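Please open the model in your viewer, show the side chains as sticks, and keep a selection box at hand. The tour below moves from one selection to the next and says what is to be found at each stop.

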Amino acid sequence: MAASPFHLGWFLGNSYGVHGWNQEWGGSDGEDWTQPDLHIDLARALERACFDYLLLEDSLFVPDNHGGSMEFYLARALRAPKNDPLPLVPLLAQATTHLGIVPTISTSFYPPFLLARLIATLDLMSKGRVGCNFVTSTAERAAQNFGLEAHLEHDLRYEMAEEFVDLVIRLWESWEPDAIVQDREAGVFVDHRKVHAIDFKGRFFASRGPLNTARPAQGRPVLVQAGGSPQGRAFAARHMDSVIVAVSTIAEMKEFRGDMRRRLVAEGRDPGSCKILYVVAPTLGETNEEARSRSDRRQAQREQSPAVTLAMMGSLTDIDFSTFDLDTPIGELTTNGQQGTLKRFLAQGRTLREIAANYRYGYEDLVGTPEHVAGAMAEVMQEVGGDGFVFTGPLTRRYVAEITDGVVPILQRRGLVRTAYAHRHFRDNLFAY
Ligand SMILES: Cc1cc2nc3c(=O)[nH]c(=O)nc-3n(C[C@H](O)[C@H](O)[C@H](O)COP(=O)(O)O)c2cc1C
């Protein structure tokens, strides 16, 4: 039994894109993909299960990394079409009262002032329930959508990201917490002495400030990131409140946690001040045998169609894996895209066929009844030491219910996760334990 409860999130890959189209249990949501109903149902289910947050992935391009064409992706609705997830945020906030909502934004392409204002607005509207997942954006095609011929270099993107977050925080702090006085008698809405220009001049960005909306309800909305390279980890250690980690073994989880906590201490921070959550994708069944047979079927599909895995990985790394022979040892490859992800991918075998069969985007060794999976999660957390999990997987109402109405109530009964929110603000709930 873990000493203190752990945290739960949901990582929604493909975000406001197409879910479940042409798949079992997808209902009509694939056809109705532009409507927000499925996402609202997800948010309500997560809140019922007292999750900390829902993270909405995003990307800014139509991939054409597999076979030099968009066909593979568009025919399957893989990664495109995809709506902008930001307009979902107020809808999700309105449908819930405590769940944290974390949209993804690109530090390479969003103007920092606009982002600071957008997130501040959402945090004020939601009364303190918003975060932000900062990504550097990795695809060459995304860079080209913003007028660059080639993408900025990986490490330079992280240097920009550092400055971006620095600036955004200063803009949020440009209004003192008690600047809005609403003094009717004096006829003063805002005390102008408590609103300050910031005169920020960095290497990449400059902004005079102040922000033209108030300080966010949480002061600082919750800062999240997911990059696994040394630069990504350094970025997290300096600024982030939570990191999500997509690794597939307990040894990798322990390595990440140890390394991150060392980095946090080196930055002068409390190692508990950044919640490290691991991506998990359980397979549930009425019996352990049934769950295993579902998991075996999924594995057989993976082995039958390695192209789907390779195309997905191609879109994350800008490498066209269709140009390699499936059975020849692949050797070293480099990318200006997701370096942490590519490194893990290539470590899964010698040939692309082996790698595609073995690769897991997170920890999947959670196969069985809800009771069994809850027990296995408890064991993993005890072994790793904290701080929790983010679920991912195909977005269908069935899968969501398996987690929120199957696994989580058992975790709750065992005292391993919260049964009620103690605070109004997302940040306070995240750091309540
Ligand atoms: C679990 C997970 C979720 C991610 N979500 C997004 C996302 O929504 N959008 C995006 O552009 N990149 C996303 N990324 C990419 C990273 O945030 C990061 O920009 C990328 O991995 C490059 O960093 P690295 O080279 O440090 O790994 C995600 C990565 C992981 C591991």
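In this predicted model, the structure holds 15 aromatic pairs. Select Trp-10 and Tyr-399 to see one of them, an edge-to-face pair with 5.7 Å from centre to centre and 65 degrees between the planes. The pair links distant parts of the chain, since Trp-10 belongs to strand β1 (residues 7–12) and Tyr-399 to helix α14 (residues 397–413), 389 residues apart. Both Trp-10 and Tyr-399 are buried. Add Phe-51 and Phe-391 to the selection, and you have a cluster in which ring pairs link these two residues with Trp-10 and Tyr-399.

A ring with another kind of partner comes next: select Phe-72 and Arg-76, where Arg-76 lies over the face of the Phe-72 ring, at 3.6 Å from the ring centre.

Now turn to two helices, α10 (residues 306–317) and α11 (residues 339–346), whose axes come within 9 Å and cross at roughly 145 degrees. The crossing in which α10 passes α11 is left-handed. To display the contact, select Thr-309, Leu-310, Met-313, Leu-316 and Thr-317 on α10, together with Thr-341, Leu-342 and Phe-345 on α11. Sorted by class, this contact of α10 with α11 comprises five nonpolar residues and three polar ones, with no charged residues. Staying with α11, colour Thr-341, Leu-342, Arg-344, Phe-345 and Leu-346, which are buried. The elements that cover the buried residues of α11 include α8 (250–266), α10 and α12 (352–358).

Two single residues follow, each with its surroundings. Val-135 sits in strand β4 (residues 131–135), and it counts as partly exposed because its relative accessibility is 24%, a value in between the limits of 20% and 50%. Leaving aside neighbours within four places in sequence, select Thr-104, Ile-105, Ser-106, Thr-107 and Ser-108 to see what Val-135 is in contact with. If you draw a distance from the C-alpha atom of Val-135 to that of Ser-295, 160 residues apart along the chain, the viewer should show a separation of 31 Å.

Glu-162, in helix α6 (residues 154–172), has a relative accessible area of 16% and is therefore buried. Not counting residues up to four places away in sequence, Glu-162 touches Ala-234, Phe-235, Arg-238 and His-239, so these four are the residues to select around Glu-162.

The last stops concern the backbone. Most residues other than glycine have a negative phi, and most peptide bonds are trans. Zoom in on the bond from Ala-80 to Pro-81, which is cis with omega near 5 degrees; Pro-81 is in the loop between α2 (71–76) and α3 (88–94). The bond from Gly-209 to Pro-210 is also cis, with omega near -5 degrees, and Pro-210 is placed in the loop between β8 (206–207) and β9 (222–225).

Finally, select Ser-15 and Trp-25. Ser-15, although not a glycine, has a positive phi of about 35 degrees, and it is located in the loop between β1 and α1 (37–48). Trp-25 is likewise found in the loop between β1 and α1, and its phi is near 70 degrees, a positive value in a residue other than glycine. Which of the two descriptions, buried or exposed, applies to Ser-15, and which to Trp-25? Ser-15 is buried, because its relative accessible area is 0%, whereas Trp-25 counts as exposed at 57% relative accessibility.

Terms used:
Residues numbered from 1 in each chain as written. Predicted model: local features only at pLDDT ≥ 70, side-chain atom pairs only at ≥ 80, totals over all residues. Heavy atoms only, no water. Phe/Tyr/Trp six-rings, centres within 6.5 Å; stacked < 30°, edge-to-face > 60°. Helix = DSSP H or I, 4+ residues; strand = E, 2+ residues; numbered from the N terminus. Buried < 20%, exposed > 50% of the residue type's maximum accessible area, 1.4 Å probe, protein only. Lys NZ or Arg CZ within 6 Å of the ring centre and 35° of its normal. Axes fitted to C-alpha atoms, helices over the stretch in contact; angles between N-to-C directions. Left-handed = near helix turned anticlockwise from the far one by under 90°. Contact = heavy atoms within 4.5 Å. Nonpolar A, V, L, I, M, F, W, Y, C, P; charged D, E, K, R; others polar.
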